[in-house]
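Student: I've got a model open and I'd like to go over it in short rounds. Let's start with the terms and then get to the details.

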Amino acid sequence: MHPAFPSLRRAQATGLHPVADALCQEAPAIEADGTNEQVMALFSSDRDLGSLAVIEQGRPIGLINRNIFLSQMSKPFHRELYDRKSCIAFMDKSPLVVDAQTDVDALMHMTVQTGKKALADGFIITRQGRYAGMGNSLQLLSMIAAIQEERNRQVMQSIEYASVIQRAMLRTSRSAVDAALGDAALVWQPRDVVGGDFYHFGSYPEGWFGAVADCTGHGVPGAFMTLIASSSLSQALEHDGPRRPSALLSAVNRGVKSMLGQVKETDAPESNDGLDAAFFWFDRGTGTLTFSGARIALYVLRPQDAEFEIVGGQRKGVGYIDTPMHHTWTEQALQLPPGTLLFATTDGLTDQIGGPKNIAFGRRRACQAILAQRHAPAAQICQALLAALAQWQGQQARRDDLTLFCARL
């Protein structure tokens with residue numbers, strides 16, 4: 001039993017299913033005519049306050065995200081311009097609002113349907129239409145796991161449910177790849193039912209953005225990290241746009257560190273987790289690819305080249321305690337002709353042990369397998385690479401999650 005959920009214990013004792021009220025946490029709110037100066041004071045007085053509800057006559061009308069608000073107000077002259085103006089200027093007008101008696105299963109579906117925004121911001125809980133408090137989406141996931149545990153199906157059912165959520169979050173990116181690139185393939189193979197790798201792709205009128213990431217751990221802990229990292233990336237893309245991969249890496253770094261409290265000045269942080277990532281933006285008009293990497297490289301094969309150019313990522317992970325809050329990653333701009341082959345992978349490919357000497361598959365074998373199929377469609381290249389990996393792995397256990405991206409411009 002999870003002692004953090006007394007309402008869950010009471011509900012199960014009477015045969016009832018727990019409801020959203022079990023997740024309700026008292027949190028301050030601000031009236032719609034409150035000023036941004038008052039919002040700043042509330043956020044400054046409570047470092048754990050991630051979102052602030054905006055109410056009007058006791059009823060919620062919006063939600064202010066801490067990171068977005070502080071980022072906006074830190075811009076030059078924004079304090080002078082907006083301090084005394086109404087706080088509704090920076091609020092999300094369509095947050096997830098649920099009644100306290102909402103069944104947690106229904107709440108979980110509502111959270112998934114709302115998207116990554118609800119996972120990052122949390123949700124507002126009301127009683128008889130009036131503001132009652134805030135709910136945390138990560139606690140919601142924990143409650144779902146506790147329910148499965150109490151019904152003696154906790155292990156596989158909770159993991160399989162998380163797998164559905166994780167795959168659903170990746171589906172939009174697959175559609176974006178299909179829309180942006182005629183010849184591309186994505187492979188996502190968690191070591192367990194759920195995994196710590198994720199990808200994100202978005203198609204825009206002027207180009208496309210891609211990301212491949214490997215979060216700390218695998219299985220359920222890794223999957224939790226993908227929720228945190230991918231929601232931070234989605235927020236950064238929404239507010240900063242896709243053209244600056246290095247700036248997006250920095251934004252995700254700040255988001256992960258803030259959410260997990262992984263700051264060196266913090267006394268005994270409870271975790272030291274993060275991710276390796278490759279972010280890249282391709283501008284169709286100029287044929288320029290802008291790349292920024294954190295311990296993940298991009299492999300580039302131009303039509304006239306005999307070997308891959310390996311564009312290395314910076315040797316600094318994202319989100320970890322030792323990575324400064326305002327660390328800046330470098331960017332590289334590559335002019336790429338049509339027909340160029342791009343490839344990116346997490347280390348689940350190169351670090352896999354196998355072969356007669358039980359050593360890592362490595363970059364060289366990966367590149368050789370791709371070069372042998374360089375003129376084939378991207379999907380066929382990935383299939384050939386996976387076949388070579390399986391032969392190399394033999395009877396060895398899978399070591400890590402695996403994500404591949406392959407595309408021809």
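Tutor: On a 1 Å grid over the protein atoms alone, a pocket is an open set of points with protein on both sides within 12 Å along at least five of seven lines, a cavity is a set where a 1.4 Å probe fits but cannot get out, and lining residues have an atom within 4 Å of a point. Points join across faces, edges and corners, and volume is the space filled by probe spheres set on them. This is a predicted model, where local features need pLDDT of at least 70 and side-chain atom pairs 80 or more, while totals for chains, interfaces and linings use all residues. Numbering runs from 1 along each chain as its sequence is written, and side-chain values use heavy atoms, without hydrogens or water.

Student: What volume does the second largest pocket have?

Tutor: Its lining is made up of 20 residues, and the closest to the centre are Gly115, Lys116, Met169, Thr172 and Ser234. The lining splits into 11 nonpolar, 7 polar and 2 charged residues (nonpolar: Ala, Val, Leu, Ile, Met, Phe, Trp, Tyr, Cys, Pro; charged: Asp, Glu, Lys, Arg; polar: the others, Gly among them). The volume of this second largest pocket is about 380 Å³.

Student: Which element gives the most to the lining of that second largest pocket?

Tutor: Helices (H or I, at least four residues) and strands (E, at least two) are DSSP runs numbered from the N terminus. At least two lining residues each come from α5 (104-114), α6 (116-121), α8, β8 and α9. The biggest giver, with 6 residues, is α8.

Student: And the closed spaces: how many cavities of 30 Å³ or more turn up in a search of the whole structure?

Tutor: The largest one holds about 70 Å³ of space. Its lining consists of Lys116, Gln166, Met169, Leu170, Asp197, Phe198, Tyr199, Thr226 and Ser230, with two or more residues each from α8 (154-180), β8 (197-204) and α9 (219-240). By type, that lining divides into 4 nonpolar, 3 polar and 2 charged residues. The whole-structure count of cavities at that cut-off is 4.

Student: On to charges. How many salt bridges are there?

Tutor: Side chains of opposite charge can pair when their charged atoms come close. The rule here asks for a side-chain nitrogen of Lys or Arg within 4 Å of a carboxyl oxygen of Asp or Glu. By that rule, the count is 11.

Student: How many residues apart are Arg127 and Asp21?

Tutor: Their side chains form a salt bridge, at 2.8 Å from N to O. Arg127 sits in strand β5 (residues 123-127), while Asp21 is in the loop between α1 (6-13) and β1 (29-31), so the pair links distant parts of the chain, and Arg127 is partly exposed at 42% relative accessibility. Asp21 is partly exposed too, at 27%. The separation along the chain is 106 residues.

Student: Is Arg408 buried or exposed?

Tutor: Arg408 makes a salt bridge with Asp183, their closest N and O atoms being 3.2 Å apart. This pair joins strand β7 (residues 183-189), home of Asp183, to strand β18 (residues 402-408), home of Arg408, across 225 residues. The cut-offs are under 20% relative accessible area for buried, over 50% for exposed and partly exposed in between (1.4 Å probe, protein chains only). Asp183 is partly exposed at 21%, whereas Arg408, at 18%, is buried.

Student: Which side chain meets Glu331 in a salt bridge?

Tutor: Glu331 lies in the loop between β13 (309-311) and β14 (332-335), with its partner in the loop between α9 and α10 (245-260), so the bridge ties together parts 87 residues apart in sequence. Glu331 is partly exposed, at 30% relative accessibility. With an N to O distance of 3.0 Å, the partner is Arg244.

Student: Which strands stand at the edges of the open sheet of 5 strands?

Tutor: Two strands count as paired if DSSP finds at least two bridges between them. The order is β8-β9-β10-β11-β14, with antiparallel pairing. Each edge strand has a single partner, so one side of each is left without a neighbour in the sheet; these edge strands are β8 and β14.

Student: Which residue in β10 is the bridge partner of Trp208?

Tutor: Strands β9 (residues 207-215) and β10 (residues 275-283) pair in the antiparallel sense over 9 bridges. In β10, the partner of Trp208 is Phe282.
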